[in-house]
Amino acid sequence: MSPERRDEEQQLMHLKLMGWRHFPVDLKNLSGIRCLLLGAGTLGCEVSRLLMTWGVRKLTVVDGGHVSMPDVLKQSLYVDDDCGVPRATAIVPHLKERCPAVDVEAIQMEIPAPGNPVSPSVLDDCERLQTLVASSDVVFLLTDTWESRWFPTLLCANENKMAITAALGHDSYLVMRHGAGPGTRSGNMDDVIAQIQNLSTEDALGRQRLGCCFCNDTASLFNSISDETVALPGLTSIVSGKAVELFARMLHHPEGIHAPGDMAGMDTEHQLGLLPHQMRGSLPRCDLSTVISNSSNDCTACSNIVLSEYRREGLNFVMQAINQPTYLKDLTGISNLIKSDTCLKLPASFPVNSGKLSSARCLLLGAGTLGCDVARILMDYGVRTLTIVDSGCVVVSNLARQSLYTTKDRKTPKATAILEHLKERCSSVEVEGIQMEIPMPGHPVSSKEAAGVLKACERLQELVATHDAVFLLTDTRESRWLPTLLCANENKIAITAALGYDSYLAMRHGAGPGTNSEGSDMVAAMNKLSAEDVLGRQRLGCYFCNDVIAPVDSVSNRTLDQQCTVTRPGLASIASGHAADLFTRLLNHPDGIHAPGDIAGKSSERPSGLLPHQMRGSLSQYSLLTLVGYSSSSCIACSNAVLREYRSRGLDFVMQVINEPTYLEDLTGLTELMKSADYSRVEWVDEVDDEEFADM
């Protein structure tokens, strides 16, 4: 096998592991499909990278702009040296650096749009876009303005091409797939005439067509170039992840573009879960809703009357729509020309305290898939002091999944490699990388190793004490235990982001305990810990508060596929966006770490919206739950029993936990709890019939 082919096999390893453990990914179809991305900005950068992670190897990227200084933080692929370069030129080497096997074509071109000034090359641009859509299998609409999506939407409906729209508001978003184009009622007509004059309201399978992104409009198109949407930094990652996962799900559906829309809560037997039509979400409200809407008879982009006119007149119709904004309104019979409410352009209402963010010292434990995304998003929010801890080195299989690394980073420690990439995007950031293994319960150490592990514990103590917030972004459960304990002891903000195969968790840990003040301060701090925080409120729980067993070694003595974290490619972006946004909301809350947990559906008078304790999401069910859990008196990481022992014995206690994982269960009473559960286990008697059971 050639070195290039071997590297490609390693890049695809996570998809093969998905096939072995969860779902047979159609790698042949994914590698052969050609995706057309309209827009190489904030969304275009993330979507193109995630498509490569899903195994897509043929990309065409269209953009008419140039990289500017503000783009470098917001648009994940570009660096300072790209400023002034056309995006369509700059994006190509960054994609090839992450995946040499990708075939990427980039085209610098403005997309013709109704209501906008007509350039001399507009007819050539229209013809070029026609050719691009016809030769592509999937089109992603990722542009900044609503009207620039009109012509591509029309072309996709006409060519019956898959189309995915991703749109950002300030703190809300829309992700949707467009419905299929219309079928024809041929009757005794000539096929050519039927294709123009006798279009059906149903698709080729005889089903009612799903709508496009213009089907809810009650307006003709307008020039919105003067309107600037400033989206919250975490939003782009969330939306890009959902858009790419929607594409992958549709590609694996047997009916493809004709698949009906699913709603959250429906049952499905498919391993990738539901296939919705639209997803609409809001960060302040912490909600995610799935919506189905059918194609509208007066849609300005995909209705039969518009498609018939386009098929009859061709580009003459397009030029008339561009030059006369009211033409589409008159053609489709829309009576009132009002601005579309489908476009999610909302006024900036999130009162970000830039001073707090720029002075916050953030410690990131993990520089992998989550660590790369979270670090970049935090810089976009305005954080300028980062310390990143990781023990691993960059390998080929990391390149597609871990957004900052490139082929030149191979075999370089992640804690070293990430520094240059962060500096390339923000020269003012103060970032330190530390190559260090986090000591973990269940990973016993020999007498020769004890001194090194003890030194690592001391270093981690120092790091937690000197930072304002700690992000737990590691791969294993046990590696989060000591940082969780230290954060509870130091009363530090702790944010956990954790990934399953198709589900994720983003949560903030509760504050550390207050003290019952009787006796000396030192004695109280050790022996008189309260069940409440210093504000007298019940403490929110940590990552371990729902566990009934101590963390153990989850890596050793396991097969390769069991050692690897196998997740759907878009999941890390979604979890990272939520984690960074959660931190920002917590930092801007007047009660900070002591803030109570909000639940979705609750009203909030704060401009920033709700501040949840936990968010748990599922890609297969398209659900987002906000949960509140309180600190457990038997928690193995933040309970008073554990904190008392740590404050009394220090690192001797930690070393005992590392070498004797069941010690935590004995200390917190979990051992007795499990025994009592065993004793109370119910024994069912088969002879009891249903009626006797009902009487019981």
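Author: Axes are lines fitted to C-alpha atoms, for helices over the stretch in contact, and angles run from 0 to 180 degrees between N-to-C directions. Helices (H or I, at least four residues) and strands (E, at least two) are DSSP runs, numbered from the N terminus. This is a predicted model, where local features need pLDDT of at least 70 and side-chain atom pairs count only at pLDDT 80 or more, while totals for chains, interfaces and linings use all residues. Residues are numbered from 1 along each chain as its sequence is written, and side-chain values use heavy atoms, with hydrogens and water left out.

Reader: OK, let's start with helices α22 and α23. At what angle do their axes cross?

Author: Helix α22 (residues 640-649) and helix α23 (residues 651-659) cross at roughly 120°, and their axes come within 6 Å.

Reader: And why is α22 called oblique to α23?

Author: Angles under 35 degrees count as roughly parallel, over 145 as roughly antiparallel, 65 to 115 as roughly perpendicular and the rest as oblique. The angle of roughly 120° falls in none of the named ranges, so α22 is oblique to α23. V642, E645, Y646 and R649 of α22 make the contact (heavy atoms within 4.5 Å) with L651, D652, F653, V654 and Q656 of α23.

Reader: How many of the residues in that contact are nonpolar, polar and charged?

Author: There are 5 nonpolar, 1 polar and 3 charged residues in the contact of α22 with α23. For the classes, Ala, Val, Leu, Ile, Met, Phe, Trp, Tyr, Cys and Pro count as nonpolar, Asp, Glu, Lys and Arg as charged, and the others, Gly among them, as polar.

Reader: Which residues of α23 are buried, and what do they pack against?

Author: Buried means under 20% relative accessible area, exposed over 50%, partly exposed in between (1.4 Å probe, protein chains only). In α23, L651, F653, V654, M655, V657 and I658 are buried. They pack against α17 (447-465), α18, α22 and α24 (662-668).

Reader: You mention α18. What makes you say that α18 is largely enclosed?

Author: Of the 10 residues of helix α18 (residues 481-490), 9 are buried, so the helix is largely enclosed by the rest of the structure. The buried ones are W481, L482, P483, T484, L485, L486, C487, A488 and N489. Right after α18 comes N491, with a positive phi near 60°.

Reader: How many residues of strand β13 are buried?

Author: In β13 (residues 493-499), 6 of the 7 residues are buried, and the strand is mostly covered. It runs parallel to strand β12 (residues 469-472), joined to it by 4 bridges. F471 stands opposite I495 in β13.

Reader: How do you know that β12 and β13 count as paired?

Author: Two strands pair if DSSP finds at least two bridges between them. β12 and β13 have 4 bridges, so they count as paired.

Reader: What about the sheet with β1 in it: which strands are its edges, and what makes them edges?

Author: The sheet is open, with 8 strands in the order β3-β2-β1-β4-β5-β6-β7-β8 and mixed pairing. The edge strands are β3 (103-108) and β8 (287-291), as each pairs on one side only. From one strand to the next, the twist averages 15°. Inside the sheet, β5 (residues 162-168) and β6 (residues 172-177) pair in the antiparallel sense over 5 bridges, and L168 has Y173 in β6 as its bridge partner.

Reader: Which strands does α4 lie across?

Author: α4 lies across β1 (34-38), β2 (58-63), β4 (138-141) and β5, at about 165° to β1. Helix α6 (residues 87-98) lies across β2 and β3 and runs at about 165° to β3.

Reader: Why are α4 and α10 called oblique?

Author: Helix α4 (residues 42-53) and helix α10 (residues 233-251) pack at about 45°, with axes 9 Å apart. That angle is outside the three named ranges, and the two helices are therefore oblique to each other. Their contact has 7 nonpolar, 5 polar and 1 charged residues.

Reader: Last one: why is S632 called partly exposed?

Author: The relative accessibility of S632 is 23%, between the two cut-offs, so S632 counts as partly exposed. S632 lies in the loop between β16 (623-627) and α22. Not counting residues up to four places away in sequence, S632 touches C545 and S639. S632 and C542 are 90 residues apart in sequence and 8.7 Å apart in space, C-alpha to C-alpha.
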